[in-house]
Amino acid sequence: MKIGSRVLLTILQNAPYLLFAVLLLTFGLMSDRFLAIANFRNIIIQAAPIAILAIGMTFVLLTAEIDLSIGASMYLTASILALYLPDVAWPVGFLAVLLLAALIGAVNGLIVTRLGVASFIVTLSTLFILRGIAMFLSNTRTLMFPDSITTLNRASVFGIPSAIVIFLLVFAIAAVILHQTPFGRQVYAVGGDPDAARKAGLPVQRIKLMCFVLAGACAGIGGFVSITQIGAAGPKYGDGIEFAAIAASVLGGVSLFGGRGSVAGTVFGAILIKTVQNGLNVINADPYVYPLVTAAIIFLAVAIDGIRTRIIERLERRTIRPLEVV
């Protein structure tokens, strides 16, 4: 039984890689265009916004919290950029979006940590509030962005598209923070066992607050990269992207129960989701199939996480033998 559990755990931990191999084989057999290098380049470019959002979501999930407002935060910050800052230079616009999105994350974090309200409820409420404000400000119109922003999508650094450069920078910074700093180790400790972390003297509430701020900042960066690609933001902009970010994180090995996962796994999960969507597009699948497949991926990710967590808990459980009576 123990060996069987370990084998099953190994399969579950490598499930994203197995699924990716199956997708490559399946879509590759159905279309020659899918395996082209140019197509993989497009997949990574298209995955950049979701990957950046998912990296921010990883910090929150590692503390056993969740942020459902990042899609609405993208929509509100994009609306303010288009309505009130259309003529500013793009670095100023980028900084404004980044700061506003981080502030939204801070508000979420303060309500969660200071008032003790469940993050699911707080961020679900924030989702509707932010989206409502954005619709009010824009009159539900589709907002267009100036060429000074959309031309960034065609820019490159040493031949690498700007979206990939920004994504790699965010990934590198997040990886260093999470895996090379005391703060990163504290994030894992808080998510793994908050009571033990508190008894060890860690500022649990402050660490969770910082994770919400980072998630908000990543929503701002991911949203900015997204609008350089799309060039417009309508009422549906960012709608549901928070679930794709959660799915990418969980598919990449981040536990919904906190304390386990990595940003590298999250990035792989985001690329996996975009590979599915790209494959469906390449084989000209019915557009109505897209949400069904995305929902199936989210269900699969959550199911894998639940099974994996139960197996790990069972393997780590200590067997306490009763004292022998002499």
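## Reading the pocket, helices and rings

Author: In this predicted model, the lining of the largest pocket draws at least two residues from each of helix 3, helix 11, helix 12 (241-251), helix 13 and helix 14 (289-316). That pocket has a volume of about 450 Å³, and of the 19 residues that line it, the closest to its centre are I50, G238, D239, I241 and K274.

Reader: Which residues line the largest cavity, and which element gives the largest share of its lining?

Author: The lining of the largest cavity consists of D67, S69, I70, S73, A101, I104, G105, N108, A215, G216 and A219. Helix 4 (70-84), helix 5 and helix 11 are the elements that give two or more residues to this lining, and the largest share, 4 residues, belongs to helix 5. The volume of this cavity is about 30 Å³, and a search of the whole structure for cavities of 30 Å³ or more finds 1.

Reader: Why is the pair of F20 and F268 called edge-to-face?

Author: The ring centres of F20 and F268 are 5.3 Å apart, and rings count as a pair when their centres lie within 6.5 Å. Their planes stand at 65°, and an angle over 60 degrees counts as edge-to-face, so the pair of F20 and F268 takes that name. F20 belongs to helix 2 (residues 15-30) and F268 to helix 13 (residues 263-282), so that the pair, 248 residues apart, links distant parts of the chain. Y17 joins F20 and F268 in one aromatic cluster, and the whole structure holds 6 aromatic pairs.

Reader: What makes F20 buried?

Author: F20 has a relative accessible area of 18%, and buried means under 20%, so F20 is counted as buried.

Reader: Why is the pair of F94 and F224 edge-to-face, and is each of F94 and F224 buried or partly exposed?

Author: The rings of F94 and F224 have centres 5.1 Å apart and planes at 75°; the angle is over 60 degrees, and therefore this pair is edge-to-face. F94 lies in helix 5 (residues 90-115) and F224 in helix 11 (residues 204-230), 130 residues apart. F94 has a relative accessibility of 21%, so it counts as partly exposed, because that class lies between 20% and 50%. F224, at 2%, counts as buried.

Reader: How do you know that the buried residues of helix 9 line one face of the helix?

Author: The buried residues in helix 9 (residues 182-192) are F183, G184, V187, Y188, V190 and G191. Viewed down the axis of helix 9, these buried residues fall within an arc of 165°, and they therefore line one face of the helix. R185 and G192 are exposed on the other side of helix 9, while its buried residues pack against helix 3 (37-62), helix 8 (162-180), helix 10 (194-199) and helix 11.

Reader: Why is there no bond between the sulfur of C211 and that of C218?

Author: A disulfide is a covalent bond between the sulfur atoms of two cysteines. The closest cysteine sulfur to that of C211 is in C218, at 11 Å, whereas a disulfide needs the sulfur atoms within 2.5 Å, so C211 and C218 are too far apart for a bond. C218 is in no disulfide, and a search of the whole structure finds 0 disulfides. Both cysteines count as buried, C211 at 0% relative accessibility and C218 with a relative accessible area of 8%.

How values were computed:
Residues are numbered from 1 along each chain as its sequence is written. This is a predicted model: local features need pLDDT of at least 70, side-chain atom pairs count only at pLDDT 80 or more; totals for chains, interfaces and linings use all residues. Side-chain values use heavy atoms; hydrogens and water are left out. Rings of Phe, Tyr and Trp (its six-membered ring) pair if their centres lie within 6.5 Å; planes under 30 degrees apart count as stacked, over 60 as edge-to-face and the rest as tilted. Buried means under 20% relative accessible area, exposed over 50%, partly exposed in between (1.4 Å probe, protein chains only). The arc is that of the directions from the helix axis to the C-beta atoms. Contact means heavy atoms within 4.5 Å. On a 1 Å grid over the protein atoms alone, a cavity is a set of points where a 1.4 Å probe fits but cannot get out, and a pocket is an open set with protein on both sides within 12 Å along at least five of seven lines; lining residues have an atom within 4 Å of a point. Grid points are joined across faces, edges and corners, and a volume is the space filled by probe spheres set on the points.
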